[in-house]
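Biologist: I am new to this structure and would love a close look at a single part. Could you pick one helix and walk me through it?

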Amino acid sequence: RLAGLIDAARAAIVGAPLRARNADAHPVPRGSVEVDVDMESTDAGTYLWGVLTAAPGAGDLGVPRPGYHPFVDWHEPDPAREAALIGAFWAHLAECRAVAEAAGGHLRAYCYSEAEAKQLRRIVAAAPPDSGAPSATELEAFLASDEWVDLYALVKRVIVAPAGYSLKRTARWSGFDWRDDDAGGAQSMEWHFAATTASEDEQTRLRRRLLEYNEDDVRATLALREWLDGPARSIPSVADWPLA
């Protein structure tokens, strides 16, 4: 614990991220098909799962829905609606896996923190039959596999941060920024609530704002892992103290 506090103090003094002592032992897992994932929810449940899908370095390989795609239901969430969205998302992952395996490679799906896994478990546990959602056993096998990558956990292993590990901080190390100056989880809940009572034109505007925010979140995870797999390899290490 003392060594960790010393390393954190060094990053705080520098005011920039530093490479952790054992960073080389934790490379960024890459796939022949990669899917960045981010969900949006309210107190009532989850209404949006956004994915950013690509086949890096190999063309598109025929990946389904390349680029950003939202699995979204703007109605009030309930177990059936949430499960239907998970069913569509699960089918997308299955298609991507098939494409990756046909090319002799692997699927990787990236999230940031445990929030998505917690929501998946909750929704699957309450899913009605024939919703298309996976069984609890299927879901747990996926979450425990190397196909599911929590970038938050990886970043904490390889980078010593000067001021926390929120995605809004870490993605900016790569130069990424959100289009919306007011982007954030709490704000998105307010936008969603406002959209339920707004005029039709205002609903359209707020829904577009929510989709852009969700898209920026998945593009942020992509930018972050590209930074981790490239430029971050050459930043100073906490072990090289004092820095020149």
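Modeller: Gladly, and one term comes first: a contact means heavy atoms within 4.5 Å. This is a predicted model, where local features need pLDDT of at least 70, side-chain atom pairs count only at pLDDT 80 or more, and totals for chains, interfaces and linings use all residues. Residues are numbered from 1 along each chain as its sequence is written, and side-chain values use heavy atoms, with hydrogens and water left out.

Now to the helix. Helices (H or I, at least four residues) and strands (E, at least two) are DSSP runs, numbered from the N terminus, and the chain has 8 helices and 7 strands. The chain's radius of gyration, taken over C-alpha atoms, is 19 Å, close to the 18 Å of the globule rule (2.2 Å times the number of residues to the power 0.38) for 244 residues, so the chain is as compact as a globular protein of that length.

Let us look at α4, residues 136–144, whose buried residues (under 20% relative accessible area, 1.4 Å probe, protein chains only) are Leu139, Phe142 and Leu143. They cover an arc of only 95° around the axis (by the directions from the helix axis to the C-beta atoms), which puts them on the same side of α4. An α-helix has 3.6 residues a turn, so residues three or four places apart point the same way. These buried residues pack against α2 (79–102), β5 (107–111), α3 (115–126) and β6 (148–150). On the face turned away from that buried side, α4 carries Thr137, Ala141 and Ala144, which are exposed (over 50%). Across the chain, 45% of the 244 residues count as buried.
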